[in-house]
Amino acid sequence: QVHPVESGGGLVQAGGSLKLSCTASRDFTRLNVMGWYRQAPGKQRDLVAVITGADSTNYADSVKGRFTISRDNAKNTMYLQMNSLKPEDTAVYYCYVEGTTWRMEDLEIWGDGTLVTVSP
């Protein structure tokens, strides 16, 4: 199993923007639900946003209107555009992928995470 690869994290000032990317393995021939979760120090991992295979989306209340999730199925890639970032958005952001491989395996895989730090 190959974990999805996240990129785009970093340090940004409050009010700034970042765009995260998550690319799933080409072993997946069908991707269903994809999502972003985040975990701040000392806290549990929480949902940020999810997108289904039909492009239906759902967001945590804390990010509605500021974050946008999208996907490019041709590239097996999902994105999270984060605008108007706040210090409380600081966390490790994890990619979640659910789909079917060419081996006809149904898998749910997490990425290793990418750190987003928002300074005041």
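This is a conversation about a predicted model, in which a colleague asks how its labels were reached.

Colleague: Let's start with threonine 101. Why is threonine 101 called buried?

Modeller: Its relative accessible area is 1%, and buried means under 20%, so threonine 101 earns the label. You will find this residue in strand 9, which covers residues 91-101. Leaving aside neighbours within four places in sequence, threonine 101 is in contact with Asp27, Phe28, Thr29 and Leu107.

Colleague: Asp27 catches my eye. What makes arginine 103 and aspartate 27 a salt bridge?

Modeller: Their side chains meet at 3.5 Å, N to O. The cut-off is within 4 Å, so the pair counts as a salt bridge.

Colleague: Where in the chain do the two partners of that pair sit?

Modeller: Arginine 103 is in the loop between strand 9 and strand 10, while aspartate 27 is in the loop between strand 3 and strand 4. They are 76 residues apart, and the pair links distant parts of the chain.

Colleague: How do you know that aspartate 27 is partly exposed rather than buried?

Modeller: Aspartate 27 has 24% relative accessibility. Buried would need a value under 20% and exposed one over 50%, so partly exposed is the label that fits. Arginine 103, at 43%, is partly exposed by the same rule.

Colleague: What makes Asp27, Arg103 and Glu105 a network?

Modeller: Salt bridges link these three residues. Besides the pair we discussed, glutamate 105 forms a salt bridge with arginine 103, with the closest N and O atoms 3.8 Å apart. That distance is again within 4 Å, so it passes. Glutamate 105 is partly exposed, with a relative accessible area of 33%.

Colleague: And elsewhere, why do lysine 64 and aspartate 61 get different exposure labels?

Modeller: Lysine 64 is at 48%, which makes it partly exposed. Aspartate 61 is at 63%, and exposed means over 50%, so aspartate 61 counts as exposed. Their side chains meet in a salt bridge of 3.1 Å, N to O. The whole structure has 5 salt bridges.

Colleague: On to the rings. Why is the pair of tyrosine 37 and tyrosine 96 called edge-to-face?

Modeller: The ring centres are 6.2 Å apart and the planes stand at 70°. Pairing needs centres within 6.5 Å, and planes over 60 degrees apart count as edge-to-face, so both conditions are met. Tyrosine 37 lies in strand 4 and tyrosine 96 in strand 9, so the pair ties together parts 59 residues apart in sequence.

Colleague: What makes the pair of tyrosine 96 and tryptophan 110 tilted?

Modeller: Here the planes are at 55°, with 5.1 Å centre to centre. Stacked needs under 30 degrees and edge-to-face over 60, so this pair is tilted. Ring pairs link Tyr37, Tyr96 and Trp110 into a cluster. Within it, tyrosine 96 is buried at 10%, whereas tryptophan 110 is partly exposed at 30%.

Colleague: One last point, about the sheet with the order 1-3-8-7. Why do strand 1 and strand 7 stand at the edges?

Modeller: Each has a single partner strand, so one side of each is left without a neighbour in the sheet. It is an open sheet of 4 strands with antiparallel pairing.

Colleague: How do you know that strand 1 and strand 3 pair?

Modeller: They share 3 bridges in the antiparallel sense. Pairing takes at least two, so strand 1 and strand 3 qualify. You can also see valine 5 standing opposite threonine 23 in strand 3.

Technical notes
Residues numbered from 1 in each chain as written. Predicted model: local features only at pLDDT ≥ 70, side-chain atom pairs only at ≥ 80, totals over all residues. Heavy atoms only, no water. Helix = DSSP H or I, 4+ residues; strand = E, 2+ residues; numbered from the N terminus. Buried < 20%, exposed > 50% of the residue type's maximum accessible area, 1.4 Å probe, protein only. Contact = heavy atoms within 4.5 Å. Phe/Tyr/Trp six-rings, centres within 6.5 Å; stacked < 30°, edge-to-face > 60°.
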